[in-house]
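Morning, everyone. One short item from me today. Please bring up the sequence and the model.

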Amino acid sequence: MSEQVCACPKCTCSVDSKPVEKEGKLYCCESCATGHADGSQDCGHNCKCGK
Ligand SMILES: [Zn+2]
Ligand SMILES: [Zn+2]
Ligand SMILES: [Zn+2]
């Protein structure tokens, strides 16, 4: 089993638990799924992928 990583470009979080699917890609959270359009800088997993 390969570990699925969030499709957000700067995010390296794995999405094994509760993935958010958007256009065929898996994201670790809603913020990443929207490309941080909400202005969020992190995804709730201690990384700053939305910065
Ligand atoms: Zn992340
Ligand atoms: Zn993410
Ligand atoms: Zn992200």
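What percentage of the 51 residues of the protein count as buried? The figure is 27%. Keep in mind that this is a predicted model.

Let's start with the overall layout. The protein has 2 strands and 1 helix. Reading from the N terminus, the order is β-β-α. The radius of gyration is 10 Å, close to the 10 Å that the globule rule gives for 51 residues, so the protein is as compact as a globular protein of that length. As for extent, take the principal axes. Along them, the C-alpha atoms fill a box of roughly 35 × 25 × 15 Å.

Next, contacts across the sequence. Count the contacts between residues at least 6 apart in sequence. Of those, 18% join residues at least 24 apart.

Now one residue in detail: Val-15. Where does Val-15 lie relative to strand S1? Val-15 sits in the segment before S1, and that strand spans 20–22. Is Val-15 buried or exposed? Val-15 counts as buried, because it has 21 C-beta neighbours inside 10 Å and the cut-off for buried is 20 or more.

Which residues does Val-15 touch, once neighbours within four places in sequence are left aside? On the lower-numbered side, the contacts are Gln-4, Val-5 and Cys-6. On the higher-numbered side, they are Leu-26, Tyr-27 and Cys-28. Here is a distance to set beside that list. Val-15 and Gly-50 are 35 residues apart in sequence. In space, their C-alpha atoms are 16 Å apart.

Last topic: backbone angles. Two residues to look at, His-36 and Asn-46. Phi of His-36 is near 60 degrees. That is a positive value in a residue other than glycine. His-36 belongs to the segment after helix H1, which covers 30–33. Why does His-36 count as partly exposed? Because 18 other C-beta atoms lie within 10 Å of His-36, and partly exposed means between the two cut-offs, 12 or fewer for exposed and 20 or more for buried.

Then Asn-46. Phi there is near 70 degrees, again positive, again in a residue other than glycine. Asn-46 is also placed in the segment after H1. How many C-beta neighbours does Asn-46 have inside 10 Å? The count is 7, so Asn-46 is classed as exposed.

To recap those three residues: Val-15 is buried, His-36 is partly exposed, and Asn-46 is exposed. That's my item. Over to you.

Terms used
Residues numbered from 1 in each chain as written. Chains lettered and ligands numbered in written order. Predicted model: local features only at pLDDT ≥ 70, side-chain atom pairs only at ≥ 80, totals over all residues. Helix = DSSP H or I, 4+ residues; strand = E, 2+ residues; numbered from the N terminus. Rg over C-alpha atoms; globule rule 2.2 N^0.38 Å. Contact = placed C-beta atoms within 7 Å.
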